[in-house]
Amino acid sequence: MPSRRPVLTAAVTLAASLAASFVAGCDAGGVVGGGASPEPGPARAGQTAPLDNPDGTRPGLAPLVSDADRAEARRLVEALGVKGRGPRTGYDRDEFGYAWMDTADGVPLARNGCDTRNDLLRRDGRELRFRSGSDCVVVAMTLHDPYTGKDIAWKKAEAAAVQIDHVVPLSYSWQMGASRWPERKRGQLANDPLNLLPVDGPTNSRKGDSGPASWLPPDRSVRCAYAVRFAQVAKKYELPVTAADKATMLRQCGG
């Protein structure tokens, strides 16, 4: 992907995070991809557009609002390779290392003394509360869910209300070639912040291991941004996508 223009300054990002959260309307349940591309929505408080967040270390998934950004998004998607989805034979979550390990060298936030799940909660959550004596384990927070546009008041006692989504699902990656990767590379994909978003739990459960042709975020305004994040991960790990997924991703960004 070509070099990005200078990103939003930290001052602008901090100012945005103090603004009231924008809550967009959404469709009910999971949405099958296709149809006309949605209108771009406004930027979200505390959220970062994926083109300005190539390593995934900044929070959220802000909509892409300009024609230039959406054109850049289409160029990114158009460059992806295409192949059919292979069999799921042999897939197991453990093939990608144990869940949320802090030892997946080669990705941001690795070996910082905090597991991947809590790293992501700290990255995207607001009004964070930590377990007594810890600056890692999040026990309560407010999350702006990028997939539905709603705010979630989350507590660790109700952990499943927020799940960490693998934007490119691990099973999908297995079927598209990760079954032949070394375990180290699979561990990187499973713990790379670029591929991870804390989201509404029930919505994530409906997504399952779907690609964009089968599932898109209910909030239509972030669908192009979601397609970009999916494409960023696929490009980084040299994963192809299915023809249907590629066509759907292009449509979301006006292609």
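Let's start with one small contact: F130 has V138 in strand β2 as its bridge partner. This is a predicted model, in which local features need pLDDT of at least 70 and side-chain atom pairs count only at pLDDT 80 or more, while totals for chains, interfaces and linings use all residues. Residues are numbered from 1 along each chain as its sequence is written, and side-chain values use heavy atoms, leaving out hydrogens and water.

Now zoom out a little. β1 and β2 (residues 138–144) run antiparallel, joined by 3 bridges. Two strands count as paired if DSSP finds at least two bridges between them. Strands themselves are DSSP runs (E, at least two residues), and helices are runs too (H or I, at least four residues), both numbered from the N terminus.

The whole sheet is open and has 3 strands, in the order β1-β2-β3, with antiparallel pairing. At its edges sit β1 (126–130) and β3 (151–155), each pairing on one side only. On average, neighbouring strands here are turned by 10 degrees against each other, direction ignored. For angles like this, axes are lines fitted to C-alpha atoms (for helices, over the stretch in contact), and the angle runs from 0 to 180 degrees between N-to-C directions.

What lies across β1, β2 and β3? That's helix α3 (residues 116–124), running at about 50 degrees to β2. Contact, by the way, means heavy atoms within 4.5 Å.

Next come the disulfides. A disulfide is a covalent bond between the sulfur atoms of two cysteines. Here, a pair of cysteine sulfur atoms within 2.5 Å is called one, and by this rule the count comes to 2. One of them joins C114 to C136, with an S to S distance of 2.1 Å. C114 sits in the loop between α2 (67–78) and α3, and C136 in the loop between β1 and β2, so the pair ties together parts that are 22 residues apart in sequence. This link of C114 and C136 is right-handed, with 85 degrees about the S-S bond. Are these cysteines buried or exposed? Both C114 and C136 are buried, meaning under 20% relative accessible area (exposed is over 50%, partly exposed in between; 1.4 Å probe, protein chains only).

Further along, C224 and C253 form a disulfide, again with sulfur atoms 2.1 Å apart. This pair links distant parts of the chain: C224 is in helix α7 (residues 223–236) and C253 in the segment after α8 (243–252), 29 residues apart. The torsion about the S-S bond of C224 and C253 is about 110 degrees, so this disulfide is right-handed. C224 and C253 are both buried. Number the bonded cysteines of the protein in sequence order, and the pairing reads 1-2, 3-4.
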